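Subject: Protein–DNA model for you

Hello,

Here is the structure I promised to send over. My notes follow below it.

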Amino acid sequence: MQKGLTNFFEEYLARDTIFAEKKAIQSSYIPSIISHRDEQINQIASIIAPSLKSERVSNLFIYGKPGTGKTLSVKHTTSKLLELAKSKGVPLSTIYINCKLKKVADTEYRLIAHLARECGKDVPDTGLPTSEVYRMFFSSIGASEKTYLLILDEIDVLAKKAGDEILYNLTRINEELKNAQISLIGISNDLVFVDNLDPRVKSSLSEEEVVFPPYNAPQIQGILKERAQLAFKPGVLAEGVIEKCAAYAAREHGDARRALEVLRVAGELAERGNSPTVSISHIDQAEEKIEKDRISHIISTQPKQYQAILYSVLQTAEKKEHVFTGEVYEFYRALTAKTGLRPLTQRRVSDVIAEFDMFGIINAKVISKGRYGRTREIFLSPHLQTENVTLVLQKALDL
DNA sequence: AGGTATTCACATGAAACTATTCTCTGAGTTAGG
DNA sequence: TAACTCAGAGAATAGTTTCATGTGAATACCTGT
């Protein structure tokens with residue numbers, strides 16, 4: 001057995017890999033040229049260029065669907081700008097913050113605290129009043145005569161969670177500062193996000209706008225080819241693989257990131273299966289694997305209450321194809337009585353079910369049954385392998 | 001028959017509450033001078 | 001007397017509960033024919 005293991009590892013080492021430069025298709029990879037985004041990059045560049053002369057830069061709002069290269073383009077443009085500023089001695093800083101990251105910048109306090117830390121202040125995670133953190137931030141930034149470009153990625157998440165007051169405060173920061181200047185670059189996946197914004201915030205935040213349209217199939221093919229050329233050894237990709245991958249992404253509203261992920265996973269699958277080439281069937285498998293992994297990851301990391309609720313959904317929906325919230329809740333109450341779990345209210349359970357729907361683990365839609373009320377009609381997702389998940393849940397809930 | 005009113009069974013929203021984690025402050029305590 | 005300790009007051013936050021209000025269409029109930 002152990003001998004076999006050693007052999008396995010040795011073989012693994014000796015094995016010829018199909019990857020040449022694997023990191024070229026990993027999501028963290030930043031390509032040196034960004035295809036099909038010249039127009040947008042030029043727009044961004046011309047908008048932020050005045051910062052090189054220490055002039056005020058208009059606030060910029062960028063939006064487009066996921067995987068359309070927004071973040072990449074902004075990072076690319078600003079890093080070039082920063083390089084130049086450095087060499088010319090222009091006092092310019094960019095601060096990039098992803099507002100979606102939990103525990104980093106998803107509330108007003110944390111966002112400002114993060115900014116203050118970027119400016120060299122030591123701010124605790126909690127305990128201080130928010131106004132105090134603002135003060136610290138101002139005091140550290142206000143001293144120098146510097147221009148800051150503040151890039152807020154996924155700004156819609158922040159606004160949804162913490163309200164648009166923060167954004168209003170941010171747009172007004174300049175009025176409080178004597179020397180320094182701050183300009184905002186907001187990036188959002190949500191296309192209607194701006195419309196639901198407070199008009200005051202809206203007008204000052206989106207002084208300039210840049211739209212990133214989805215990639216079309218040929219463009220995605222182009223991108224995939226470029227990356228694949230770097231990532232894989234020549235001749236590894238079978239005929240039609242790129243096309244298939246691009247077609248998949250086009251279906252997913254032109255999400256290049258997804259396409260690259262599928263290609264990477266397909267490559268990993270091929271390699272693990274000892275196949276010298278990546279074939280079309282690997283793509284299919286990769287798609288499926290990604291979805292499955294996503295679901296099982298979500299399920300296993302959920303808290304107990306969520307698991308209990310999901311278990312209730314599975315159990316009640318098992319034979320019937322669809323169930324209503326009330327039935328799930330009834331089962332759930334019985335379950336909590338049996339397991340000693342503190343039962344949540346129906347209100348809460350309703351929200352949890354809605355969340356599962358968001359995750360795509362189940363399909364729930366609100367229907368009206370006329371005289372018989374209004375409720376959610378819950379279907380199981382076709383991706384969900386009921387038996388497997390049930391087992392996992394049973395174990396987690398020790399039933 | 002056609003039209004209006006009810007009604008159900010939750011959905012959805014907002015506010016308030018709970019528990020936890022953390023800072024800051026000032027009173028009390030301690031140890032050394 | 002300076003340094004230290006420690007409890008209490010305030011904050012931020014996540015996860016809920018409580019209270020209030022909303023809602024879409026199948027039925028019940030009319031109304032005039």
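Domain bounds here come from an automatic or database domain assignment. For chain A that gives domain 1 (38-212), domain 2 (215-298) and domain 3 (302-396). The centres of domain 1 and domain 3, taken over C-alpha atoms, are 40 Å apart.

Some ground rules. This is a predicted model, where local features need pLDDT of at least 70 and side-chain atom pairs count only at pLDDT 80 or more, while totals for chains, interfaces and linings use all residues. Residues are numbered from 1 along each chain as its sequence is written, chains are lettered from A and ligands numbered from 1 in the order in which they are written, and side-chain values use heavy atoms, with hydrogens and water left out.

DNA strand B
A residue is near a strand if one of its heavy atoms lies within 4 Å of it. Strand B has 17 such residues around it. The closest are Thr325, Arg347, Arg371, Gly373 and Arg376. By type, the 17 residues divide into four nonpolar (Ala, Val, Leu, Ile, Met, Phe, Trp, Tyr, Cys, Pro), nine polar (the others, Gly among them) and four charged (Asp, Glu, Lys, Arg). Of the strand B atoms within 4 Å of the protein, 70% belong to sugar or phosphate, and the rest to bases.

Now the polar contacts (pairs of N or O atoms within 3.5 Å). A polar side-chain atom of Arg376 lies 2.4 Å from a phosphate oxygen of strand B. Polar backbone atoms of two residues face a sugar or linking oxygen: Arg371 at 2.8 Å and Gly326 at 3.3 Å. The elements giving two or more residues to this surface are α14 (325-339), α15 (346-359) and β8 (374-380). Helices (H or I, at least four residues) and strands (E, at least two) are DSSP runs, numbered from the N terminus.

DNA strand C
Here 23 residues surround the strand. Thr107, Arg110, Thr130, Thr345 and Arg374 are the closest. The split is six nonpolar, eight polar and nine charged. Sugar or phosphate accounts for 71% of the strand C atoms within 4 Å of the protein.

Three side chains have a polar atom by a phosphate oxygen of strand C: Thr130 at 2.5 Å, Arg348 at 3.2 Å and Lys161 at 3.4 Å. Helices α4 (108-118) and α15 each give two or more residues to this surface.

Helix α13
Twelve of its 14 residues are buried (under 20% relative accessible area, 1.4 Å probe, protein chains only), so α13 is largely enclosed by the rest of the structure. Among the buried residues are Tyr306, Ile309, Leu310 and Val313.

Best wishes

Note on methods:
Polar contact = N/O pair within 3.5 Å; in protein donor to acceptor, adjacent residues only side chain to side chain. Buried < 20%, exposed > 50% of the residue type's maximum accessible area, 1.4 Å probe, protein only.
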